[in-house]
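Got your viewer open? Let's take a walk through this one together, one selection at a time.

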Amino acid sequence: MELIELANILDFEQEGTLGDFPDTVVKGLSYKSQDVQDGYIFVAIKGYHQDGHNYIEHAIGNGACAVVGEKPITGLKVPYIQVDNSRKALGLISDHFYDYPTHNKTLIGITGTNGKTTTSFLLRHILEGNGYSCALFGSTKNIVNGESFATANTTPNLLEINRLLSKSDDDVVVMEVSSHALTQYRVEGITFDYALFTNLSHDHLDYHDSMEDYFEAKRKLFDMLKSDGQAVINTDDYWGEQLADQLENQAVSTISIGEDAGSDVRIAEYTSTPRQLLLTEKHERVSIEPKLYGLHNMYNIAMAYGTARQIGVDSRGAVESIESFDGVEGRFNRIELESGVTCIVDYAHTPDALFHSLNAARELCEGELIHLFGFRGDRDPSKRGENISVSSEWSDRYILTFDDLNSVTPSEMKESLIRLQEVYGNEKSKVITDRTLAIAEAIKTAKEGDCILITGKGLEKYQQDYHHPVHNDKEAVLYLGGI
């Protein structure tokens, strides 16, 4: 790629902007000045904590051949192209630089508050089990050509997506698409063959002004469908029903998922003992014995099944794959202690997710259900009271503890936990701020047949140092449970 090609990509007059450098060969792209090498374009992005425009000279010192940014800047040693939106520009340039690697693949985007990760991994499992090679971009990791890569965000930006997919031999790409990614242009330029909507509930209202704004952010994914693309929507969800109605008015092909008799893939029956799911598809009965727990996961199964069927997987092949799916690390993972106590590590952190996680845990619980959770510092405080209300109603007892504190001090968070408990909780609660000591207390006081549900982090690494020498909730359970 030559620098002159930026004129077409970003739609500006190259004469006078690129100066004496139009034939310069571009060797790479970066929005991090420390990663810039000789011949790279540096895209300056204003973030929430740092502004890339402050690192332009550093990028030029590392060899940047041009800079793209939003602010009016003059006097640089290399060409500077001012744009309205640097994030959008990064996507457009990376698409061109890597020769549009998404264009020869089937693209599936999954959005919603809860269920994105389980649905995406399950769908990949079904496709891989039925002859399709499938890449995945998700909140726990990215997978390309069967190789796993760490991820910093639920949805990487398009530069990272294109960089990985430029070497991909995969037929299909499954991607979790967050509301942040959609509003920050991280997937700008991608057109999807399938767009899935799992549900929408109270979350991220520290970022979005209202549930309506949150919905509109999610809605953007469905504007990115190809002309012959299909939407797969949980129409039992209030917001999903609104979305389906809107798409119907736009003549977008839609597959409905739900318990309603008119659903294209209907959840006809679910029993937990024995675990049995009955779906109906075009009046055909599809019987499944899943390993997953909880009604919410039956929706995830129905979403993945319906999508796989549209792609071309036969019903039997889809069912066999679903029945062999063990779940996702950090998502409702069971650990059986020698004491006869069941511990479950889950990522649930919204009121709706906690409700479903607690009810799924109840399916496994012969005795008491003990719930342990906390709140992230600097994150949406408006859902905290509702979280406590849900736990106080659906657990037999619960322990409030620390999650990631971020910039909040321990004393501030402890005070917040005590205050919230007094307002929204009941007598079934304890506050134990050290997360590992809280887990130790739960295990120590649990009896045979009891179930301990630990939510909020999944397998995420602890940010704080705690009393016991462990790094995540699973390690804590194994260490403290004597396994």
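Here is a tour of the structure, stop by stop. Keep in mind that this is a predicted model.

**Stop 1: a strand covered on both sides**

Select residues 40-43, which form strand S2. Which residues cover its two faces? Tyr40 and Phe42 sit on one side, Ile41 and Val43 on the other, and all of them are buried.

Now bring in the neighbours. Strand S1 (residues 28-30) pairs with S2 in the parallel sense, over three bridges. To see one of the contacts, pick Gly28: its bridge partner in S2 is Tyr40. Strand S3 (residues 66-69) also pairs with S2 in the parallel sense over three bridges. Here you can select Val43 and find Val68 of S3 opposite.

**Stop 2: salt bridges**

Side chains of opposite charge can pair when their charged atoms come close. How many salt bridges does this structure hold? The count is 23, and we'll visit a few.

Select Lys226 and Asp193. Their side chains form a salt bridge, with 3.1 Å from N to O. Lys226 belongs to strand S11 and Asp193 to strand S10 (residues 192-197), so this pair ties together parts that are 33 residues apart in sequence. Is each partner buried or exposed? Lys226 is partly exposed at 24% relative accessibility, while Asp193 is buried at 17%. The cut-off explains the two labels: Asp193 counts as buried because buried means under 20% relative accessible area.

Next, select Arg362 and Asp396. They form a salt bridge too, and the closest N and O atoms are 3.0 Å apart. Arg362 is in helix H11 (residues 351-364), and Asp396 is in the loop between helix H12 (384-394) and strand S19 (397-402), so you are looking at a link between distant parts of the chain, 34 residues apart. Arg362 is partly exposed, at 32% relative accessibility, and Asp396 is partly exposed as well, at 29%.

Then try Glu441 and Lys430, whose closest N and O atoms are 2.7 Å apart in their salt bridge. Glu441 lies in helix H14 (residues 435-445) and Lys430 in strand S20 (residues 429-431), eleven residues apart. Lys430 is partly exposed, with a relative accessible area of 43%.

To finish this stop, select Arg376, Asp403, Asp404, Lys457 and Glu460 together. Salt bridges that share partners join these residues into one network.

**Stop 3: a negative patch**

Switch to the surface and select Asp236, Glu241, Asp245, Glu248, Glu259 and Asp260. What do they form there? They gather in a patch of negative charge. Zoom in on Asp236, found in the loop between strand S11 (225-234) and helix H8 (238-249). Asp236 is partly exposed, with 35% relative accessible area.

**Stop 4: two buried leucines and a serine**

Stay with helix H8 and select Leu247. Its relative accessible area is 0%, so it is buried. Draw a distance from its C-alpha to that of Asp223: the two are 24 residues apart along the chain and separated by 9.5 Å.

Now jump to Leu122 in helix H4 (residues 116-128). Leu122 is buried, with a relative accessible area of 1%. The C-alpha atoms of Leu122 and Phe222 are 21 Å apart, with their positions 100 residues apart along the chain.

For a contrast, select Ser148 in strand S8 (residues 147-149). Ser148 is partly exposed, at 42% relative accessible area. Its C-alpha is 9.6 Å from that of Ala135, which is 13 residues away in sequence.

**Stop 5: unusual backbone spots**

Most residues other than glycine have a negative phi, and most peptide bonds are trans. The next selections go the other way.

Select Thr273 and Pro274. A cis peptide bond joins them, with omega about -5 degrees. Pro274 lies in the loop between strand S13 (265-272) and strand S14 (275-281).

Move along to His283, in the loop between S14 and strand S15 (284-288). His283 is not a glycine, yet it has a positive phi of about 70 degrees. This residue is exposed, with a relative accessible area of 79%.

Last selection: Asp378, in the loop between strand S18 (369-375) and H12. Asp378 is not a glycine either, and its phi is positive, about 65 degrees. Asp378 is partly exposed, at 45% relative accessible area.

Conventions. Residues numbered from 1 in each chain as written. Predicted model: local features only at pLDDT ≥ 70, side-chain atom pairs only at ≥ 80, totals over all residues. Heavy atoms only, no water. Patch = residues over 30% accessible without salt bridge, like charges linked within 9 Å, V, L, I, M, F, W, Y side chains within 5 Å. Areas by Shrake-Rupley, 256 points an atom, 1.4 Å probe, with all protein chains shown as cover. Salt bridge = Lys/Arg side-chain N within 4 Å of Asp/Glu carboxyl O. Lys, Arg positive; Asp, Glu negative; His and termini not counted. Charge placed at Lys NZ, Arg CZ, Asp CG, Glu CD. Helix = DSSP H or I, 4+ residues; strand = E, 2+ residues; numbered from the N terminus. Buried < 20%, exposed > 50% of the residue type's maximum accessible area, 1.4 Å probe, protein only. Pairing = 2+ DSSP bridges.
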